[in-house]
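Open the model in your viewer and keep the sequence panel visible. The tour goes from one selection to the next and says what is found at each stop.

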Amino acid sequence: MPGMSPSIDPQADEPTLSVRTVWISDLHLGTPGCQAQALLDFLRDVECETLYLVGDIIDGWQLRRSWYWPQAHNDVVQKLLRKARKGTRVIFIPGNHDEFARKYVAHNFGGVDVMDEAIHVTADGRKLWITHGDLYDGVIQCARWLAIAGDLAYEFTLKVNRWFNRVRAKCGLPYWSLSRYLKHKVKRAVSYINEFENAVAREAKKRGAQGVVCGHIHHAEIREIDGVLYCNDGDWVESLTALVEHHDGRLEIIDRGEFAALPGMLPAAKAAPVRLPVVLPQPAPAPAAVRAFYETIS
Ligand SMILES: [Mn+2]
């Protein structure tokens with residue numbers, strides 16, 4: 001029909017990215033650090049056959065300290081369950097912050113399979129070992145108190161980061177991640193990250209896999225380590241990244257960081273010098289059912 005463009009889809013809810021597999025981890029639902037809105041936007045835009053939730057999805061460590069469960073976090077859970085209902089295979093591999101879920105390995109909840117670890121075969125026949133990665137983190141394995149202290153320090157850094165960026169946004173400056181900066185600058189953090197990456201790559205090799213997909217250190221990356229393809233899907237606290245497998249088996253990191261949008265913040269990359277209203281997230285009271293559920297499993 002003349003005058004009609006078939007490529008323009010009026011339905012805003014239609015997925016715009018079709019891939020074979022998606023890996024996301026370190027959502028840290030239940031903490032103010034979780035950038036749930038950016039994640040909801042991503043989940044709306046993407047369509048996949050298999051979705052791996054690679055750990056630290058719900059942050060039991062922080063929920064135990066103080067209850068934080070806004071509507072957007074419920075929406076994320078609903079969206080994930082909805083994908084499972086609509087035919088996406090959803091696999092949840094618990095991490096250290098949601099270790100309470102490790103009790104439910106080999107169970108299925110609302111269409112979500114809980115697994116300790118998994119082997120994924122790509123469209124081009126490569127075997128990838130899927131793990132959250134905390135079991136290969138020296139700090140968590142040897143000094144749990146240090147891991148918890150580090151977690152508190154991290155939480156504080158994120159808090160400072162949010163405050164700092166609200167001021168930046170008011171001044172028309174783009175988003176800038178303090179914790180990302182610190183991690184790259186502090187030498188010891190870098191060697192700690194290297195050790196972690198080498199350890200998971202070694203483990204993948206032991207299992208006869210050609211690669212590994214993990215999360216945990218909040219740093220997305222695809223690179224080769226000692227003949228093993230090391231893939232980290234990043235996080236939805238700082239970097240807003242996911243790992244995807246295209247239909248031909250090609251792996252790619254999707255970086256939504258440039259749209260980083262804590263309320264009141266400007267997108268990082270294409271920041272225009274305009275003032276946005278500063279809106280603080282409004283935590284909703286915890287639904288009683290969710291709270292009761294959490295208490296029974298923790
Ligand atoms: Mn972790």
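In which sense do strand E11 (residues 241–245) and E12 pair, and over how many bridges? Select both strands: E11 and E12 pair in the antiparallel sense, over five bridges. Within this pair, Thr241 stands opposite Asp255 in E12. Bear in mind throughout that the model is predicted.

**The seven-stranded sheet**

Now widen the selection to the sheet in which E11 and E12 lie. It is an open sheet of seven strands, ordered E4-E5-E3-E2-E1-E11-E12, and its pairing is mixed. The edges are strand E4 (108–109) and strand E12 (251–255); each has a single partner strand, so one side of each is left without a neighbour in the sheet.

**Helix H3**

Next, select residues 71–85, which form helix H3. Its 15 residues reach 21 Å from the first C-alpha to the last, close to the 21 Å expected at 1.5 Å a residue. Show the side chains of His73, Val76, Leu80 and Lys83, which are buried. These four cover an arc of only 80 degrees around the axis, which means that they sit on the same side of H3. Rotate to the face turned away from that buried side: there H3 carries the exposed residues Gln78 and Arg85.

To see what lies over the buried residues of H3, add helix H1 (36–45), strand E2 (46–53) and strand E3 (89–92), which are among the elements covering them. E2 and E3 also belong to the seven-stranded sheet. After H3, stop at Gly87, where phi is positive, near 110 degrees.

**Strand E8 and its partners**

Move to residues 211–214, strand E8. Are its two faces covered or open? Both are covered: Gly211 and Val213 on one side, and Val212 and Cys214 on the other, are all buried. In a regular strand the side chains alternate between the two faces of the sheet.

Add strand E7 (residues 127–130), which pairs with E8 in the parallel sense over three bridges. Trp129 stands opposite Val212 in E8. Then add strand E10 (residues 228–232), also parallel to E8, with four bridges between them. Here the bridge partner of Gly211 is Leu229 in E10.

**The whole chain**

Finally, clear the selection and colour by secondary structure. The protein has eight helices and 12 strands. Of its 298 residues, 35% are buried. Among contacts with a separation of 6 or more, 68% are between residues 24 or more positions apart.

Conventions: Residues are numbered from 1 along each chain as its sequence is written. This is a predicted model: local features need pLDDT of at least 70, side-chain atom pairs count only at pLDDT 80 or more; totals for chains, interfaces and linings use all residues. A residue is buried if 20 or more other C-beta atoms lie within 10 Å of its own, exposed if 12 or fewer, and partly exposed in between; C-beta atoms are placed from the backbone. Two strands pair if DSSP finds at least two bridges between them. The expected span of a helix is 1.5 Å times one less than its number of residues. The arc is that of the directions from the helix axis to the C-beta atoms. Two residues are in contact if their C-beta atoms, placed from the backbone, lie within 7 Å.
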